[in-house]
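Reader: I am new to this structure and would like to look closely at a single part of it. Could you take me through the part that a database record singles out, and then through what surrounds it?

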Amino acid sequence: MRIALLGFGTVGKGVYEIIKKAKMQTQGLTVSRILIRSGKKKILPEMTDSIAEIINDDEVDVVVEAIGGIEPAHAYILEALNHQKHVVTANKAVIAKYLKEFTDVANKNHVKFYFEASVGGGIPWIQGLEKALRIDNVDCISGIFNGTSNFILDQMSKNNQSFAEVLSKAQKLGYAENDPSADIDGVDIANKLCISADIAYNIKISDRDRLPIFGIRNIRSEDVRYFERKGYLVKLLGLTHKLNNEYDYVVEPALMRKDSLEANTPGNYNLISLNGETIGKLDFFGQGAGMFPTANAVVQDILDIKENKQHLERNFDEKVQYDANIFQQDYVVRANFDVKDLFKDFDLIEEEQYVYVHQISVGKMHKLMDFVLEKDPRAFMAGLPDTIQKNVISNKEIVNQGVIA
Ligand SMILES: NC(=O)C1=CN([C@@H]2O[C@H](COP(=O)(O)OP(=O)(O)OC[C@H]3O[C@@H](n4cnc5c(N)ncnc54)[C@H](OP(=O)(O)O)[C@@H]3O)[C@@H](O)[C@H]2O)C=CC1
Ligand SMILES: N[C@@H](CC=O)C(=O)O
């Protein structure tokens, strides 16, 4: 099986190295072409700067897209599929946007489009989710989906290092995105949660602007210390529930009890959980970022193609509506002005520079935080998932509160 790598950065190099090792299972795999940018030195004989050369090479069976970003990745993937080449990618940004289009084009051309590495790095999460869906409806997905932000929060907590110091370390280790703001502002998690929800609920999330996303850009060492004194570690979580024909969705910092699985997820590790009707809560744990864990997942997809292993078929056509207010929970806010008036409709407790807001819906909280940020762009907030419950002003029945309850 002949493979063309598009991009020779962290992931591309990792795939190349794993395949070169030629272990029993990877025998028969050859990297025959590598796309690099024009003007870059061709240090390997397989290197080319011509995408047309790759697309028109009849001997290339699988194209691995590892350049990242939206364009030209989107165009290259479509070209490869339309030339009857299987495609494997780790690029969650482009998949979150075009999963349905890629799936349709792959089906039309009778080739595979596989993307295990795009969510959870080396963790077999997509396959685990798809396997759960063979039997169960999945009504909750939650967890730590980003290695860089988890690494930052972990190091800030364990080594008392500053945010900037640890971010630069995560970049050197190859965990962070080209533009690391995607990692720290929650956008990378939002992409991974969209892909997971698309598969779990068989939908296409398109209106991304409505989704509540709050990152860890504003967290300070003093916040980390204060929450630790209260018995919590801060984690950046993604969470979605499905209730009948509605789903919610949020990316936000959360205070996790020190003995929880999330609090004990270290470094670049991810912990992703689902809740299924008969399987109950199922947790997936492993390295969510980095060269070899990610490349490992890419090579697993290539082997699945070689062995003609089918993944779950989805048409992403279910009609499930987004609702920002299915659940409510307690939140804590830090701002440099008095926020009590803004949250006057809720029970409040003030402690040091923090205000705890009792039982506010996720959608309402994120809306009010937009006002807080207008006055104090450095303000921070975190949810307390231990307190999550069905929104009292909604009369929806909770069938199952899922993994976080
Ligand atoms: N790193 C990780 O831990 C993980 C990464 N991913 C995803 O994998 C993908 C690749 O990430 P990663 O390897 O870390 O990124 P890198 O930036 O390390 O590598 C990308 C490579 O692609 C090259 N490239 C970019 N555009 C082009 C182009 N138009 N033509 C040819 N080459 C191009 C870049 O060249 P140049 O250096 O010249 O810009 C670079 O060498 C991304 O989508 C990322 O989100 C997914 C899971 C984990
Ligand atoms: N930047 C991402 C890489 C893997 O998806 C992360 O840190 O998780």
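Author: For "domain: Homoserine dehydrogenase catalytic", an unreviewed UniProt entry lists residues 124-303, with positions given in the numbering used here, the feature name shortened, and the annotation possibly inferred rather than shown by experiment. This is a predicted model, in which local features need pLDDT of at least 70 and side-chain atom pairs count only at pLDDT 80 or more, while totals for chains, interfaces and linings use all residues. Residues are numbered from 1 along each chain as its sequence is written, and chains are lettered from A and ligands numbered from 1 in the order in which they are written.

The end C-alpha atoms of residues 124-303 lie 14 Å apart, and the span is 41% helix and 25% strand (DSSP runs, helices being H or I of at least four residues and strands E of at least two, numbered from the N terminus).

An automatic or database domain assignment divides the chain into domain 1 (2-114) and domain 2 (123-287 + 319-405), whose C-alpha centres lie 32 Å apart. Both domains give residues to the shell around ligand 1, so ligand 1 lies between them. That shell has 25 residues, the closest being Gly7, Gly9, Val11, Gly68 and Asn91, where a residue is near if its C-beta atom, placed from the backbone, lies within 6 Å. Helix α1 (residues 10-20) gives the largest share of the shell around ligand 1, 3 residues.

Ligand 2, in turn, is surrounded by residues including Gly121, Asn146, Thr148, Tyr175, Glu177, Asp183 and Asp188.
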